[in-house]
Amino acid sequence: MRIFTVACCAVLLGGTALAGGLRPEKMGDWTIVAAADAAPAERHAAEEFQALFRELTGLDLPMADKPLGRSKNIFIGPGAAAMAGRAGFDAAGMGEESLRIRITRKGITIAGGRPRGTLYGVYEFFERCCGVRFLTADHTHFPPKDELKPLKTQDFSHTPPFSFRWSYYKENSDRQDFAARMRVNTVVKDEKLGGSTRQTLIGHSYYRWISTEKYGKTHPEYFSLVDGERRCTAATAATEPCVTNPEVIDIITQGVLADLEANPDLENITVSQNDNDAYCRCPQCEAINQREGTPMGANLALVNAVAERVEKTHPNVKIGTLAYWYTRKAPKTIVPRKNVQIQLCSIECCELHAIDDPDCPKNRAFCGDMRAWKAVCDNVWVWNYNTNFSYYDLPFPNLQVIGPNLRFFRDNNARGVFMQANGNGNSGEFCDLRNYVLSRTLWDPSLDSGALVEEFCRLHYREAAPAILEYIRFIRDNALEKQCHPNCGAEPVELGLTPAVTRKAFDLFREALAAAKDDTVRARVEKASIPAYRAMLLVNGFPWKVEDGLCRRDLPPDYENLVPGYIALCKKYNMTMVSEQLPAADYFERLEKMEAMPALRLENGTWQLTILPEQNGKLIEMFHKPGGTFFLPAITRENVLQGALDETGVLGFASNAFSPFKAETRDNTVTLTRTLDDGSIVERTITLNGDAVEFTSRVTNHGPAPKMFQFRARPEFDAFTGSADADVLGVYIRGAAWEKFNREWKDNTGPDKDKMIAARGGGFAYFNREAKAGVRIDYDPECVKYPQLRWRPQYNQVNLEIFSRERELQPGESLEMNYTFRCLDAPPAG
Ligand SMILES: [Zn+2]
Ligand SMILES: [Zn+2]
């Protein structure tokens with residue numbers, strides 16, 4: 001009983017509402033005090049206080065450079081804090097983003113270290129004490145005036161645990177005033193807004209210090225030894241230096257020192273691998289790497305050596321290096337020097353499960369590496385991935401792990417975090433919501449990111465929030481239930497998106513839109529609905545149809561507006577990139593072209609084929625009439641460009657899904673012709689001959705000079721199973737006899753791969769024993785250089801690719817490749 005009473009008192013003392021005192025709406029006789037010599041960001045902090053307080057209360061408080069009375073002053077900045085008497089404190093010596101907020105009966109003081117502490121303190125005051133929320137650059141939430149709460153006496157301090165915080169959204173970099181309000185300290189240039197940290201993001205950099213252009217010819221030994229050859233002619237970013245070569249260490253050190261001379265403000269600098277895995281395997285490098293159990297061994301030895309030398313003239317500069325991909329694992333004995341920074345990258349991680357979820361195998365491995373670095377380094381930073389780089393505008397079920405991930409990083413010594421997201425495009429999936437949650441939890445990882453998601457939705461989507469929150473939960477629960485482990489480049493199937501799921505997601509957005517009561521909310525919901533459209537476009541279960549020589553989507557009336565609706569919304573909300581690489585405008589053009597594609601049919605008693613001449617002559621349907629089987633099933637799927645036969649140029653010409661061919665049909669043959677820019681001609685024929693489908697491809701050099709050419713045919717056959725079991729789906733190659741080789745196959749390799757490469761019998765086949773169906777490809781081994789299996793069970797797809805020989809053609813000469821498909825009712829034999 002006594003304990004209960006004490007606890008009650010503590011609560012009251014901790015946050016006393018001042019009886020009749022500090023009600024914001026009654027503070028009209030208060031004054032904002034900023035010292036005459038306040039720094040630009042502190043002056044701006046006082047102006048921001050004035051503007052935000054006006055919006056909150058309707059009161060316009062005057063500004064002065066000295067207190068006008070003994071009480072009723074709001075002191076902003078270190079200079080003002082020094083004038084505040086008993087309400088003040090000494091802010092001199094505070095860290096560059098540390099802040100303190102002191103609320104007493106007589107005065108309020110908000111101040112912090114330079115340059116950003118005071119400004120961030122003002123934003124913290126309005127968030128923490130007044131319920132203001134900076135939701136987007138154009139939407140700041142103020143509580144209704146009749147619901148304002150009294151300001152509680154308190155003395156609050158905060159120093160952000162991460163000194164480098166980057167929520168990588170264009171929504172920040174485009175609006176630096178907003179980035180400052182979100183306390184993102186990496187994109188702001190304006191001194192008035194506090195500027196940015198002088199720490200930089202550690203990225204790939206060896207190519208800057210040592211290039212093959214400069215040293216490749218004279219010093220091949222400076223570059224990595226891979227498969228017995230020095231990578232001294234490769235493009236700069238496709239090679240790595242030999243990191244144990246003393247001259248390489250000298251050159252890199254000189255480069256770093258020169259850079260530091262030119263940029264004396266830098267607090268850290270990158271000395272790090274390029275973005276490839278061609279690290280050096282020379283005896284010296286390998287000796288260290290073998291001993292240390294990771295290619296990070298020799299790399300870190302170089303970084304330490306550079307750091308030791310740089311320290312002599314720049315003792316406060318950190319030398320940063322990526323722990324990324326093959327260098328993610330810490331060495332057994334070599335530890336980073338005290339002036340070395342490790343930038344640990346989580347690119348392999350699963351996005352659905354929290355990074356410290358012990359049941360997620362991908363993440364368990366990462367946590368092991370992070371703990372190992374924590375044990376030997378005080379200066380670990382994290383490069384974390386927060387979007388789907390392959391589809392910026394698909395639903396991405398990772399909102400629930402943002403807070404837990406950042407807490408794990410904080411608890412494992414992370415000093416800075418780069419939350420890489422949709423930073424090179426606008427209006428990606430939930431960009432406003434995500435930026436809000438990322439920025440706030442980066443600033444204060446103790447915040448509950450789930451509660452922030454809910455808060456944002458209720459304040460921003462208002463009456464539409466229930467449907468949107470249900471959508472967010474549904475997308476997440478579905479992926480959890482399907483036991484997905486998507487990484488940051490996930491295909492729709494890896495996110496658990498099936499036709500039933502995308503239709504339900506779409507319907508939830510219809511519900512959200514119907515709930516919106518005014519144009520403002522409607523616009524916000526529309527913008528958020530783009531991913532529901534994209535998901536429906538990619539995964540809907542609706543086939544295509546061929547009518548009057550055109551191939552079109554066959555959508556039910558309820559979804560007829562899908563494509564124009566998606567494009568209109570993206571344009572209205574200025575969505576600029578649909579993936580990290582693909583501009584939205586290019587994607588719209590493709591979608592529009594696909595609305596009505598000229599199509600040809602070729603038919604006999606056994607086969608029905610459909611060809612799209614303008615889509616690179618793709619064969620999108622290969623229907624076997626006797627068995628009722630679609631071997632090339634693209635036409636039956638929502639993505640008519642997948643599950644097709646595509647032929648592309650490997651050498652001599654480029655082709656993509658929209659390279660146009662001219663087409664001519666005669667009897668059982670379609671002839672496709674394309675003239676390349678240099679006049680060379682690609683000619684392909686597809687012929688039905690009884691139970692055989694015969695293909696010939698020929699390119700003739702009509703250009704002025706000799707030129708190398710090579711073809712690739714890529715049939716994406718229906719595997720009739722999502723299983724990766726080679727006893728269900730066998731793939732065979734013909735050597736002296738037919739032989740199965742896809743045991744334990746993964747994507748494009750397996751233990752029997754060599755059988756495939758060595759066989760020269762001119763046959764390649766697959767057969768599904770359960771479906772009792774398959775295809776046999778016969779080809780001339782003289783014109784085919786090699787076959788290649790790419791098996792993607794999750795797509796029910798098995799690609800039996802063949803590559804022609806590569807040949808240099810003199811003007812007038814031709815290169816040809818022929819192959820024939822036949823249906824199988826038993827595994828190939830003989
Ligand atoms: Zn080496
Ligand atoms: Zn997982």
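The exercises below, each with a worked solution, concern a predicted model of a protein.

**Exercise 1. The protein as a whole**

State how many helices and strands the protein has, what span its C-alpha trace covers, and what percentage of its residues count as buried.

Solution. Begin with the secondary structure, which comes to 21 helices and 37 strands. Then take the C-alpha trace, which spans about 100 × 70 × 60 Å along its principal axes. Of the 830 residues, 56% count as buried. As a last step, consider the contacts between residues at least 6 apart in sequence: 68% of these join residues at least 24 apart.

**Exercise 2. The zinc site**

Identify which atoms coordinate the zinc ion (ligand 2), and work out what arrangement their angles give.

Solution. The donors are C350 (SG), H353 (ND1), C360 (SG) and H485 (ND1), and they lie at 2.1 to 2.3 Å from the zinc ion (ligand 2). Written along the chain, their spacing is C-x2-H-x6-C-x124-H. For the geometry, note that four donors count as tetrahedral if all angles lie between 85 and 135 degrees; the angles subtended here by the four donor atoms are 100 to 121°, and the arrangement is therefore tetrahedral. For comparison, the ideal angle for four tetrahedral donors is 109.5 degrees. Two of the donor residues can also be classed by accessibility, for which the cut-off for buried is under 20% relative accessible area: C350, with 5%, is buried, and H353, at 13%, counts as buried too.

**Exercise 3. Helix 19 and its surroundings**

Determine which residues of helix 19 are buried, what covers them, and which residues Y566 touches.

Solution. Helix 19 takes in residues 562-572, and its buried residues are L562, V563, G565, Y566, I567, L569 and C570. The cover over these residues includes helix 17 (499-515), helix 18 (519-538), strand 18 (550-553) and helix 20 (584-593). Next, follow Y566 itself: when residues up to four places away in sequence are not counted, Y566 touches D393, I530, Y533, R534, L537, N561, M575, V578, Y587, F588 and L591. In the largest nonpolar core, which has 178 residues, Y566 is one of the residues that touch the most other members, together with F49, F125 and F409. Helix 18 supplies the largest share of this core, namely ten residues. A second core, separate from it and made up of 50 residues, includes F631, V682, L815 and Y819. Finally, just after helix 19, N574 takes a positive phi of about 55°.

**Exercise 4. A three-stranded sheet**

Give the strand order of the open sheet that contains strands 17, 18 and 19, and explain why one side of strand 17 and of strand 19 is left without a neighbour in the sheet.

Solution. The order is 17-18-19, and the pairing is antiparallel. Strand 17 (544-547) and strand 19 (597-598) stand at the edges with a single partner strand each, so one side of each has no neighbour in the sheet. Strand 18 and strand 19 are joined by two bridges, and the bridge partner of L550 in strand 19 is P598.

**Exercise 5. T685 in strand 27**

Decide whether T685 counts as buried or exposed, and name the residue with which its side chain makes a polar contact.

Solution. First locate T685, which belongs to strand 27 (residues 681-689). Its relative accessibility is 18%, so T685 counts as buried. The side chain of T685 makes a polar contact, at 2.5 Å, with the side chain of T696. With neighbours within four places in sequence left aside, T685 is in contact with T669, V670, T671, E694, F695 and T696.

Definitions and conventions
Residues are numbered from 1 along each chain as its sequence is written. Chains are lettered from A and ligands numbered from 1 in the order in which they are written. This is a predicted model: local features need pLDDT of at least 70, side-chain atom pairs count only at pLDDT 80 or more; totals for chains, interfaces and linings use all residues. Side-chain values use heavy atoms; hydrogens and water are left out. Buried means under 20% relative accessible area, exposed over 50%, partly exposed in between (1.4 Å probe, protein chains only). Helices (H or I, at least four residues) and strands (E, at least two) are DSSP runs, numbered from the N terminus. Contact means heavy atoms within 4.5 Å. Two strands pair if DSSP finds at least two bridges between them. A nonpolar core is a set of buried Ala, Val, Leu, Ile, Met, Phe, Trp, Tyr and Cys residues joined through side-chain atoms within 4.5 Å. A polar contact is a pair of N or O atoms within 3.5 Å; within protein, one must be able to donate a hydrogen and the other to accept it, and residues adjacent in sequence count only if both atoms are side-chain atoms. Donors are N, O and S atoms within 2.8 Å of the metal (3.2 Å for Na, K and Ca); water is not among the atoms, so sites may look incomplete. Four donors count as tetrahedral if all angles lie between 85 and 135 degrees; four count as square planar and six as octahedral if opposite donors are over 155 degrees apart and all others between 65 and 115; anything else is irregular.
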